[in-house]
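Visitor: I am new to this structure and would like to understand how its labels are earned. Could you show it to me and take me through them?

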Amino acid sequence: MNSIKSVPARVLSRRGGHSLEAEREQFDKSQAISISKAINTQEAPVKEKHARRIILGTHHEKGAFTFWSYAIGLPLPSSAILSWKFCHVLHKVLRDGHPNVLQDCQRYRSNIRETGDLWGHLHDRYGQLVSIYTRLLLTKISFHVKHPEFPPGLEVSDEVLEKTAGTDVNNIFQLTVEMFDYLDCELKLSESVFRQLNTSMAVSQMSAVQCRLAPLIQVIQDCSHLYHYSVKLMFKLHSCLPADTLQGHRDRFHEQFRSLKNFFKKASDMLYFKRLIQIPRLPESPPNFLRASALAEHVKPVVVIPEEAPEDEEPENLIEISTTSTTEPQITSDLFEQTFGPPNGVWDDRDAQIESLKKELETLRAEMEKIKLEAQRYITQLKAQVNSLEGEVEEQRKQKQKALVDNEQLRDELERLQRVKQDSDRSQRLCAEAEKKANATEIRYTKLKEKHSELINTHAELLRKNADTAKQLTVTQQSQEEVARVKEQLAFQVEQVKREAEMKLEDQSLQMEQLRQELDARRDELEQAQRSLSHAKQAGVELSAQVDALHAEKEVLRRSVSEKECELLSTRGLVEEKELQLSQEADKATREIRELQGRLLEKSNQEQSLQQKLLEDQFGVLQETVREAQEMLRDAMAKLDDPLHLRCTSSPDYLLSRAQAALESTDALEKGHAQYVASMADAAGLVGALALFAHLTADTIVNGSATSHLAPTDHADRLTETCRECGQRSLEYLEKLKDRQRLGSAELGDVRGALQGVLQLAQELRPKSLDIKQEELGDMVEKEMACTSEAIEDAVRRIEEMMSQARNESSGVKLEVNERILNSCTDLMKAIRLLVTTSTNLQKEIVESGRGAATTQEFYAKNSRWTEGLISASKAVGWGATQLVESADRVVLHTGKYEELIVCSHEIAASTAQLVAASKVKAEKSSRNLARLQECSRNVNEMAANVVASTKSGQEQIEEKDTMDFSGMSLIKLKKEEMETQVKVLELEKRLEGERVRLGELRKQHYVLAGGCEDAPEDGEARPAPAPRRGILKKPPIAQKPDLGQP
């Protein structure tokens, strides 16, 4: 409840007297209660009823303004649990809140990112989860802002998904990648939560565990939808692109499928989720995207949230909001007064006055910020209403534009129909003209036919006349010549008439034929015109019906357009009223801001006067601190010549730690000095750093003097003079700080040089065996074990290469012998690798059980002899593995001896025995890792014996033996050979004895060197350094560093 900032009294005083404002005030109170109860520092899950009220509040105000106005006041950097529950509530609000919540959250992306970055740099279990959760929320906001078709709840139909993906392959590819990134963020959060639960062996019914598990319900809901959409998009991509191109997509999907299936399985096994959510079951294997029919086998995973029983309502009491804001207890005084007490034992009234004025100023600033936020909220709400009205107006404009476009289309259709009608009229006219031409042709044909019949009649009459004339010629022969002439004339006339008649007949028959063809063509044209006329009449009837329907629809559209115009006018009136109201509210807010600015100006003037006074006080505090620091240094320098101090002794190690701490304090002092020079209103940093510097420098001088009492004369004199020079340089630096004119030019170079001289002398006085630092010794163990593992891995790889080379280059008995030897070497290397891994696990168990509150490096440094034993054994194992590989290589290449392999096997067995012995020293007898280590050691011995056996058998199989046939030799020759053989035996025995002596000396020297390295730390630990004083260890809190600890 304390995490919500109190509402300013002026805001409350302005809200009274109106029902809407009272309702708004009640709404703010209920939201404040729900937010404070949902987001707190208790390690328990967020109650559903509080989250539900916050979500209903976003639907009530159509956004998340109220939620963010309270959320930005939460002290998220102070508690990782508070930040975790804030991310959980924000996730639920994004999923189930009003659609406008997404845009409100987009404006606060920087706040979410800063929270995640802060906790990501801190080593806190909840902090790491908060960092991952914030990245998920930022990814979610970015995805839904970029793709508004997907609501934050991710519930869309397949048709919307198809429409969003479209037909462009690039868009589908990009959308699939973004879906994969989204799902990766969800799965990473679930894996981090389960990893922490596995490490702590948690039970799902504990409230601390449920606090981590609660956000995974929203993660399960998101993952089910993202998995379904990814499957759909992958099938669509495979239908557009070749399979080789999408190999990376398939691999990434398969990895996500395995992770998601594992996540759902773990969640379904937990009792906590069984009563809150029904988790879907995924198929045993991922979909086969290379087979298009597999899409029909895909089943969409459905998450079911059971209906919850109504919870009992708790009595809700809002934070008491009074007209005067509550203040914290009195702020503690400055660091100097905490350390040395107030001057003269009385607190200064001016400090109290300064603090009260500061608190009043902070109160007024907070009040002004609240008033600004309230005004901004009202302005935002009014702007949102104006935007919604403008959106409606824009929608009406679009509808009107659409109606006008439809009207234009109808006009074009009407004109087209009119043109078709005109074409049909023209066709009718052409048909009528064709009928007229056909009638005229028929009339002409009738006339020609009548003329033809007349010609036929005339020809028949002439023939009859000719017959009568012939009869008269036969009857009357009197006038024969006259008859002959008449006959000739008549014959000529008949021939002429015949020719004329034939010519006319031919012309008439030709004209008749032409008329018949033209008549047939006209008849065809007439029939075609009649058919087109009938079609045109039918089309005209249909077009007339369409035109009537279009006219009716046009009238309806005209009426709707007129109605929309009326509504538009009324909407414009409402918008103008809202704009007028908004301008009045803005003017009112401007007047209030001017009044507040006037008051702020008065307070600024007062603050300037107080600031000047504060500068004087801060400088006075600095002077007192400088004087006190000078006294401390003079007192320390006096001990350099004090005879009573001769009894005090100290170790070089302690002096080294003190000098190192003093040298590091100069960085803080230089930083505080630079801050004070830049802003003299704040001397806290310089005062704290100065006190720490004086304290550590004086401590260094005192311990330097004590260390010189046990040092050689030359080093003692140099150390004393260096300590005296360090004190003198420090006093000169402090003297510059007392003068305002020389304050800015004060430098710490000489002081650092003197401290570095003390540090160098302390290094020279340290025992040589302590040159390795604690961190280096601890890291050396890990590095040597890692190097040993790498050497064994390299040995296994080289043996495999030799195996393949031997198979290619040899055959028969040699191949069989080489394979047997290399196989035994490979088995030995694998046994050694298992032993090294088991030894590493045992060492980790020993360190974790024995280090307590110390670090791993400190534990290794504390047990330095054991540590060096581990390092030596690890080096020996790695060296033995390397030598075994080289010997095997030479044996396979016939350039080495089989005895080298036998010796290397014995050496590896001894080295692993040394590693086991070093690991067993501090292990518990009941440790499982110790039992496994002993079993691995026995396995290594067996494998080493196998190498020796295979080497000997191979040697016997390869080397040819002499038949030793002495049957052909004489007695004298046999005696001679016997003597020569005895000589060789004696020489070999003598050489063997010498080599054994040499081996013994080598082993002695090895033990001497190993023992000398291990005995050196004992000399340094023989005389413990004197215990440091409690007063020396105490440091002012303002200049304390995380890496400065006790010496």
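Guide: Let us begin just after helix H3, where Lys62 follows with a positive phi, near 60°; helices here are DSSP runs of H or I with at least four residues, strands are runs of E with at least two, and both are numbered from the N terminus. This is a predicted model, in which local features need pLDDT of at least 70 and side-chain atom pairs count only at pLDDT 80 or more, while totals for chains, interfaces and linings use all residues. Residues are numbered from 1 along each chain as its sequence is written, and side-chain values use heavy atoms, with hydrogens and water left out.

Visitor: What makes the phi of Lys62 worth pointing out?

Guide: The value near 60° is positive, and it occurs in a residue other than glycine; Lys62 lies in the loop between H3 and helix H4 (65-71).

Visitor: Why is Lys62 called exposed?

Guide: Exposed means over 50% relative accessible area, buried means under 20%, and partly exposed lies in between, with a 1.4 Å probe and protein chains only. Lys62 has a relative accessible area of 53%, and therefore it counts as exposed.

Visitor: Is Leu154 buried or exposed, and why?

Guide: Leu154 has a relative accessible area of 0%, so it is buried. Leu154 also has a positive phi of about 65° although it is not a glycine, and its place is in the loop between helix H8 (125-146) and helix H9 (158-165).

Visitor: How do you know that H3 reaches about as far as a helix should?

Guide: The expected span is 1.5 Å times one less than the number of residues. H3 (residues 48-61) has 14 residues and reaches 20 Å from its first C-alpha to its last, close to the expected 20 Å. Its buried residues include Ile54, Ile55 and Gly57.

Visitor: What does the span of H13 come to?

Guide: Helix H13 (residues 247-269), with 23 residues, reaches 33 Å between its first and last C-alpha, close to the expected 33 Å. Among the buried residues of H13 are Phe253, Phe257, Phe263 and Phe264.

Visitor: Why are Cys87 and Cys211 called buried?

Guide: Cys87 is buried because its relative accessibility is 0%, and Cys211 is buried because its own is 2%.

Visitor: How many disulfides are counted?

Guide: A disulfide is a pair of cysteine sulfur atoms within 2.5 Å, and by this rule the count is 0.

Visitor: What does the secondary structure of the protein come to?

Guide: It comes to 29 helices and 0 strands, and buried residues make up 38% of the 1047 residues.
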